Amino acid sequence: MEIDIRNPRLDEYGAAEHIMEQVHQMHIGWRPDIYKQSKPVLPFEMYRQAVETGTFFVAEYGGEIAGILLIFFKHIESPNHAPRKIIFVDAMAVDEKYRGKGIGHAFFGFLKKIKEQKGYDGIELQVNAKNTAAYQFYSNYGFTEQSINMELLP
């Protein structure tokens, strides 16, 4: 089945929120010390702004919204850093019922095209240390660890 990656319409907010709720429940399970139940997970105003700025995408599979992708374009430059233009993946998630259908790979193929078209230097993301399935997926795709966040708990 074909996967179509495109900018969503404002009236598709419910499907995006549904997928974000699934992700949020996983985060609560992994880190109940910092995540709490909340609704909506993705406020409509944030969704609207991301849609209007062209940084929010959906994967359509079989006529249904099967995944979401939220990115930011970052320009890094300082006296201590070489100039870099990065696509940062803020959120990428696939609805539970569509996992294993190639949607994540389609998102990364899409991101690679954007990177090449816009002349960006790289694609970066963060992954929860307890999300071993996502970590393995990203590693298999070619992502490598470049930094590690550490935390001192009480």
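Which residues in the largest nonpolar core touch the most other members? Of its 21 residues, L69, I71, I103 and L111 do. A nonpolar core here is a set of buried Ala, Val, Leu, Ile, Met, Phe, Trp, Tyr and Cys residues joined through side-chain atoms within 4.5 Å. Buried means under 20% relative accessible area, exposed over 50%, and partly exposed in between (1.4 Å probe, protein chains only).

A quick word on the ground rules. This is a predicted model, where local features need pLDDT of at least 70, side-chain atom pairs count only at pLDDT 80 or more, and totals for chains, interfaces and linings use all residues. Residues are numbered from 1 along each chain as its sequence is written, and side-chain values use heavy atoms, with hydrogens and water left out. The mean pLDDT (the predictor's confidence in each residue, from 0 to 100) is 95, and 100% of the residues reach 70 or more. Among the elements, β2 has the highest mean, 98, and α4 the lowest, 93.

**The cores**

Back to that largest core. Two or more of its residues come from each of β2 (56-61), β3 (64-78), β4 (81-94), α3 (103-118) and α4 (132-141). Helices (H or I, at least four residues) and strands (E, at least two) are DSSP runs, numbered from the N terminus. The largest share, five residues, is from α3. Take I103: leaving out residues up to four places away in sequence, I103 touches I3, A59, Y61, A66, V94 and Y98, where contact means heavy atoms within 4.5 Å. Another core of 16 residues lies apart from it, with A16, V23, A50 and L70 among them.

M20, in helix α1, is buried at 15% relative accessibility. Beyond four places in sequence, M20 is in contact with V41, L42, I68 and A91. Y120 sits in the loop between α3 and β5 (122-125) and is also buried, at 17%. With the same four-place neighbours set aside, Y120 touches F73, K74, K85, I86, I87 and K115.

**The sheet**

Five strands make an open sheet, ordered β1-β2-β3-β4-β5, with mixed pairing. At the edges are β1 and β5, each pairing on one side only. Two strands pair if DSSP finds at least two bridges between them; β1 and β2 have four, in the antiparallel sense. I3 stands opposite Y61 in β2.

**Salt bridges**

The count comes to ten salt bridges, each defined as a side-chain nitrogen of Lys or Arg within 4 Å of a carboxyl oxygen of Asp or Glu. Here are three of them:

| Acid (relative accessible area) | Base (relative accessible area) | N to O distance |
|---|---|---|
| E60 (22%) | R6 (19%) | 2.7 Å |
| D11 (62%) | R9 (47%) | 3.0 Å |
| E21 (24%) | K39 (68%) | 3.6 Å |

E60 is in strand β2 and R6 in strand β1, so this pair ties together parts 54 residues apart in sequence. E21 lies in helix α1 and K39 in the loop between α1 and α2 (44-53), so that pair links parts 18 residues apart.

Salt bridges also link R6, R9, D11, E12 and E60 in a network. Its member E12 is in the loop between β1 (3-6) and α1 (13-30). Is E12 buried or exposed? Buried, at 10% relative accessible area. Apart from neighbours within four places in sequence, E12 is in contact with R6, Y47 and I65.
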